[in-house]
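Grab a coffee and open the model in your viewer. Try each exercise by yourself before you read its solution.

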Amino acid sequence: TATAIEVGLGARAYRIHIGAGLLARAGGLLAPLLGRPSTVIVTDRNVADAHLDSLRASLAAAGIAAEAIVLEPGEASKSFAGYARLCEDLLDHRLDRHDMIVAFGGGVVGDLAGFAAATLKRGIRFAQIPTTLLAQVDSSVGGKTGINTRHGKNLVGAFHQPDLVIADTAVLATLPRRELLAGYAEVVKYGLLGDAAFFGWLEQQGRDMLDGDQDALARAVARSCEMKAEIVAADERETGRRALLNLGHTFGHALEAELGYDGRLLHGEGVAVGLHLAFALSARLGLAPAADADRIAAHLRAVGLPASPAGLLGPDCDGARLYGHMTQDKKARDGRIGFILANGIGHAFQTDDVAAETVRAFLDD
Ligand code: NAD
Ligand code: ZN
């Protein structure tokens, strides 16, 4: 049981295939798109250990010759040095301008291989086979690719759409639970920003899904991709609706900045707390019912995600410090912080006129 979502229009349209066991069909899905029957797979060691043989077998069965470039797992690979090495390695394989490479991994592999594809020979095609929940619901959709710099994450990059996305929910079985949960925070985000019924469904099915229920996983990935694709299509260059995807991220990024990027806090864990705080602040401002914020916190905690900064942060971290991180965020303009607030679950909107004092006082509580 697989579903496909059509993204974009005309010549740039591509499909996201979603379902359990799709890796076995990757060769068949890829073959018609290739100019010649060969490709290069970019992956990382964890994904290679668990799933590269299956992907190779599927490609071989479709008559596709595949070589693999295996990266060190982790954010450090998404660097200038990692990018240079990957481009040289890809060029070693004598890629043609019409060839397609396959990004097989989480967001790190997808962002890096996508950026290499965007720039190698001024742009070659690529397919995404995302293997983390975060990559399946977020980073593989929307066309953002890039690398980190010493000034911050994702500051060098390009928009480059894939030609094909294959999200096999079965590969998530080998993903560490903490990573699965971090991706789940982004799934919850979609419900909270624009689909209250989806959030209600997650309250019922979320736990089964995290325990590996394949139908529930496929349905959640599909709904998430559908929402992201629709928002991104409405707004390819991030001016209006695309900002809604940052729900929970203003607070989340501040927590990440405070705790450092060394694994103490995963991005999705920061987002989980941020989602709750965005609704708590909305309630404080009289925009949303306080009961909505409570419902969100209850669900996040029920699945094992954090919902509030207490416990994550030490005693010496106050509202002013977190607020300071927010004004440093790359999305803040002239010190004005863009917030995504809500009029209730499923009804998020963007605003940049929340008074600094209000936010600081809110964070101090
Ligand atoms: P990741 O790619 O680092 O993967 C997390 C960990 O899981 C890694 O250790 C990886 O080796 C391992 N792993 C991946 N799939 C596995 C599997 N099936 N089984 C076992 N282990 C597996 O992290 P991520 O959370 O997928 O992605 C984070 C990155 O995505 C960040 O760099 C972030 O900036 C980027 N991102 C990009 C976008 C975008 O729009 N392009 C959106 C959100 C996030
Ligand atoms: Zn995010």
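Below are five exercises, each with a worked solution. This is a predicted model, where local features need pLDDT of at least 70, side-chain atom pairs count only at pLDDT 80 or more, and totals for chains, interfaces and linings use all residues. Residues are numbered from 1 along each chain as its sequence is written, while chains are lettered from A and ligands numbered from 1 in the order in which they are written.

**Exercise 1.** Work out how many residues of strand β6 are buried, and on which faces.

*Solution.* Start with the rules. Helices (H or I, at least four residues) and strands (E, at least two) are DSSP runs, numbered from the N terminus. A residue is buried if 20 or more other C-beta atoms lie within 10 Å of its own, exposed if 12 or fewer, and partly exposed in between, with C-beta atoms placed from the backbone.

Now count: β6 covers residues 125-130, and 6 of the 6 are buried, so the rest of the structure largely encloses this strand. Next, split them by side. In a regular strand the side chains alternate between the two faces of the sheet. Here one side has Arg-125, Ala-127 and Ile-129, the other has Phe-126, Gln-128 and Pro-130, and both faces are covered.

**Exercise 2.** Find which strands pair with β6 in the parallel sense.

*Solution.* Two strands pair if DSSP finds at least two bridges between them. Strand β5 (residues 100-105) is one parallel partner, with 6 bridges to β6. Look across and you'll see Phe-104 opposite Ile-129. To get from β5 to β6 the chain passes through α4, and this β-α-β crossover is right-handed (with the strands pointing away from the viewer, the path from the first strand over the helix to the second runs clockwise).

Strand β9 (residues 164-168) is another parallel partner, over 2 bridges. There, Gln-128 faces Val-165.

**Exercise 3.** Describe how β7 is joined to β8.

*Solution.* First, the bridges: 5 of them link β7 to β8 (residues 152-159), and the two strands run antiparallel. Second, the connection: a hairpin with 2 residues takes the chain from β7 to β8. Third, a matched pair: Lys-144 sits opposite Phe-159 in β8. Finally, burial: β7 spans residues 144-149 and has 5 of its 6 residues buried, so it too is largely enclosed by the rest of the structure.

**Exercise 4.** Say what surrounds ligand 1.

*Solution.* Count a residue as near if its C-beta atom, placed from the backbone, lies within 6 Å of the molecule. That gives 29 residues, of which the closest are Asn-46, Gly-106, Gly-107, Thr-132 and Ser-139. Then ask where they come from: α2 (45-61), α4 (107-119), α5 (133-139) and β8 each give two or more residues to this shell.

Last, sort them by type. Ala, Val, Leu, Ile, Met, Phe, Trp, Tyr, Cys and Pro count as nonpolar, Asp, Glu, Lys and Arg as charged, and the others, Gly among them, as polar. The tally is 10 nonpolar, 11 polar and 8 charged.

**Exercise 5.** Decide whether Arg-94 and Lys-121, two non-glycine residues with a positive phi, are exposed or partly exposed.

*Solution.* Some background: most residues other than glycine have a negative phi, and most peptide bonds are trans. Arg-94 has a positive phi of about 55 degrees and lies in the loop between α3 (80-92) and β5. It has 9 C-beta neighbours inside 10 Å, so Arg-94 counts as exposed.

Lys-121 has a positive phi of about 50 degrees, and its place is the loop between α4 and β6. With 14 other C-beta atoms within 10 Å, Lys-121 is partly exposed.
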